[in-house]
Amino acid sequence: MLNNKLFKAVSLTSLLFAGAVQADEGMWQPHQLQEISTKLKSAGLELDPSQMENLNQFPMNAIISLGGCTASFLSNQGLVVTNHHCAYGSIQYNSTEQNNLLEQGFVAKTKADELQAAPGSRVYVTESLTNVTDKITGAISSSVKGQDYFKAIEKNEKALVAECESSQDYRCEVYSFHGGLEYFLIKQLALRDVRLVYAPPSSIGKFGGDTDNWMWPRHTGDWAFYRAYVNKDGKPADYSEDNVPFEPKAFLKVNASGVEENDYVMVLGYPGRTNRYRIAQEVENQFTWAYPTAKRYREEYIDVIKTTAPAGSEARIKYESTLAGLANYAKNYGSMIESFNKGDMLERKQQELKGLQAWINSSNKRKQKYGRALVKLNELVAQSQEHQQRDMILAYIGRTSMMGVSKRLYRLAHEKTKPDAERKQGYQERDMNRFTQGMKRVNRRYDAQVDKAVLMHFLAQYAQFPASERNTTFDQFFGLDKGFDADKLAAKLDMMHEKTSLDEEAVRLAWMDKSVEDFRKSDDPYIQFAVSQYDNDRKLEEQAEALAGQLAQARPAFMAAMIAYKKSKGEPVYADANSSLRITYGNVKGYSPQDGLTATPFTTLEGMLAKYVAGDEEFDLFDNIRSAIANKDYGKYKRESLGSVPVNYLSTLDITGGNSGSPTLNSKGEFVGLVFDGVYESIIGDWDYDTKLNRAIHTSVPFMLWTMEKIDGAQNIVDEMTIVE
């Protein structure tokens, strides 16, 4: 077997920790903590690292995922804390023009007052992580290549997931590490009755808006509370008034004193994606083409929405969450580009790869083992970039609601003709509840006028692409093969949105049970669109899978060589983030973003008040908080060293997207804040860690408790938590 030989040749356990960990770099898997225990203890950890490896013990069993964000339990009554921006969809879901919870905030005074979270909301409690590499790639014959290899991996993953998911109460996923060198099966308890408990108004939860996003100094109260419910037997259940709060095995105590400068802190969470082992060709393309193009598309998307949907309108409320996401990443990409242009990451990456190849070539044994690893990966990466211009703009066009809905429904009709085990992931029986909830959510984020305006904007750009970057089948449906006629295209889009019935929830749900033939006979224009595109989409998908299969063999071979090379130099190796549970640690510390400028690690309420601008949607504040700050009504939450209440603070922690909502813990494992952002200079950390500039931004516990007690009247929630000094 090809991969059995590969894994025998490279023992990850012996390689990953050959060198000393430098600074606070790294997003570590739970089972790795004993290996770095000396570093953890040196940084200040008081807990036993071996205890933290156990998912059934404190504090790991208090850490949960929301599926895109992290969260944690803060009481034995299923009380969940996360970021305000992670709960934004649920706050928006419960908002109307007349009762805008985004603007006013929300506090449930009793459990009966709690509101259903947005459809599809889940709390995932990780119960186990199992290395299944041998069962995924180790069982595949060395003769299997390309798309067959891709499908073999997919088949093995689905079989393991099906065996793991004994009921709808569990969600299991297979995650790849080091580009497919290792695979882990992660099993999570899925709690599906989730309710909104408390969210401060956006003037606190989103204070600073897009202007302060990724910036320091920061003064944002980025928190919100959910509660997880189960049935009376303690089992996960759909929403019901008869359900009772979930009782977690553990919850975090809340340290009201927060942290001081240089204190040990750690974040436990589910970071999304990092790319620190990408090759130079990928780095150059990402920063010189992909990020600049995606930034422009997102900014244009924002402009179209804001132009079409006036502020405060029902349409704008529906798109607030979309706008926040678009703006967040547009600014993210801007910082990526700026940091890349200022730095020497590409040159260092090129030198590293030259060093790797030279190291391989200097030994016949290594040449035999790793010989063409880098060369082969370079060839395949070049292939993957061939139609990126077409693929990216069609992806943005495909973000519109009706287009995406119609394609997903028609794909479901096809997949349901197959045995469940042979269906595409996302269309199996295990996915149907999530699929249904997705169909129910559509109207909360859809307005026909906005949808049409976005389509018109991007179709006009796409129509200018050369023939080599066009999709002929797509062009034929919209008449673009005959040239671009703005009036005709606008008329077609008007007709499609006027005559489609997919904008009705009941209709969408009914189509989930329709046959392929029903779709083919339909006169709904968006259904006709989906039918017209299906065969060509599958052809393109098969081509993508064939390439993905080749990459699934080439990248692990490259990573095996890279890990061995780093071991030879005494450098640390940790897997790129992949949305699985990780631990990152460090200390509370400021930084110097440029010559002559030093940023201290704390901000205060005075800084928040200094930013206040009456009527500014980003920097407005209600009278009650302005009065409390002006009167220095700080109570027991005043930090004497600051002369005020600490609002946000900086740390050296290595984080990325997906860590949002992660609890920040002190050396004893007590809750001392929520990580919610990074400084502008650290955004490039997804690709390149910089010890001097990498800083995470956290909301402080003293600010949270002060706001809950003094400003928002959420004393009942404070009383539910276990507060320590």
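Helices (H or I, at least four residues) and strands (E, at least two) are DSSP runs, numbered from the N terminus. With that in place, I can start at strand E12, residues 254-255, where Val254 is found.

First, the ground rules. This is a predicted model, in which local features need pLDDT of at least 70 and side-chain atom pairs count only at pLDDT 80 or more, while totals for chains, interfaces and linings use all residues. Residues are numbered from 1 along each chain as its sequence is written, and side-chain values use heavy atoms, with hydrogens and water left out.

Back to Val254. Its relative accessible area is 2%, so Val254 is buried; buried means under 20% relative accessible area, exposed over 50%, and partly exposed in between, with a 1.4 Å probe and protein chains only. What is Val254 in contact with, leaving aside neighbours within four places in sequence? The list is Leu74, Phe671, Val701, Leu705, Met721, Thr722, Ile723 and Val724, where contact means heavy atoms within 4.5 Å. Val254 and Pro702 are 448 residues apart along the chain, and their C-alpha atoms are separated by 9.8 Å.

Pro702 takes us to helix H27, residues 701-711, in which nine of the 11 residues are buried. Those are Val701, Pro702, Phe703, Met704, Leu705, Trp706, Thr707, Met708 and Ile711. At the start of H27, a side-chain oxygen of Ser700 comes within 3.3 Å of the backbone nitrogen of Phe703. Just after the helix, Gly713 has a positive phi of about 65 degrees.

Next, two helix pairs. Two packed helices are described by the angle between their axes and the distance between the axes. The axes are lines fitted to C-alpha atoms, for helices over the stretch in contact, and the angles run from 0 to 180 degrees between N-to-C directions.

The pair I take first is H16, residues 388-397, with H19, residues 448-462: the angle is about 165 degrees and the axes are 9 Å apart. That makes H16 roughly antiparallel to H19; angles under 35 degrees count as roughly parallel, over 145 as roughly antiparallel, 65 to 115 as roughly perpendicular and the rest as oblique. The H16 and H19 crossing is left-handed, meaning that the near helix is turned anticlockwise from the far one by less than a right angle; clockwise would be right-handed. On the H16 side the contact has Ile393, Leu394 and Ile397, and on the H19 side Leu455, Phe458, Leu459, Gln461 and Tyr462. By class, that contact of H16 with H19 has seven nonpolar residues, one polar and no charged. For the classes, Ala, Val, Leu, Ile, Met, Phe, Trp, Tyr, Cys and Pro count as nonpolar, Asp, Glu, Lys and Arg as charged, and the others, Gly among them, as polar.

The other pair is H11, residues 280-308, and H13, residues 345-361, with axes that come within 9 Å and cross at roughly 165 degrees. H11 is therefore roughly antiparallel to H13, and this crossing is left-handed. Ala280, Val283, Glu284 and Phe287 in H11 meet Met345, Leu346, Lys349, Gln350 and Leu353 in H13. The contact of H11 with H13 divides into six nonpolar, one polar and two charged residues.

Now some single residues. Is Asn83 buried or exposed? At 0% relative accessibility, Asn83 counts as buried. Asn83 lies in the loop between strand E3 (79-82) and helix H5 (88-93), and a polar atom of its side chain is 2.6 Å from the backbone nitrogen of Gly661.

Ser532, in helix H24 (residues 525-568), is partly exposed, with a relative accessible area of 30%. Its side chain makes a polar contact with the side chain of Gln533 at 2.9 Å. A polar contact is a pair of N or O atoms within 3.5 Å; within protein, one must be able to donate a hydrogen and the other to accept it, and residues adjacent in sequence count only if both atoms are side-chain atoms.

Last, backbone geometry. Cis peptide bonds join Phe58 to Pro59, with omega about 0 degrees, and Trp216 to Pro217, with omega near 10 degrees. Trp214 is not a glycine, yet its phi is positive, near 70 degrees. Trp214 lies in the loop between H10 and E10 and is buried at a relative accessible area of 13%. Asn262, also not a glycine, has a positive phi of about 75 degrees.
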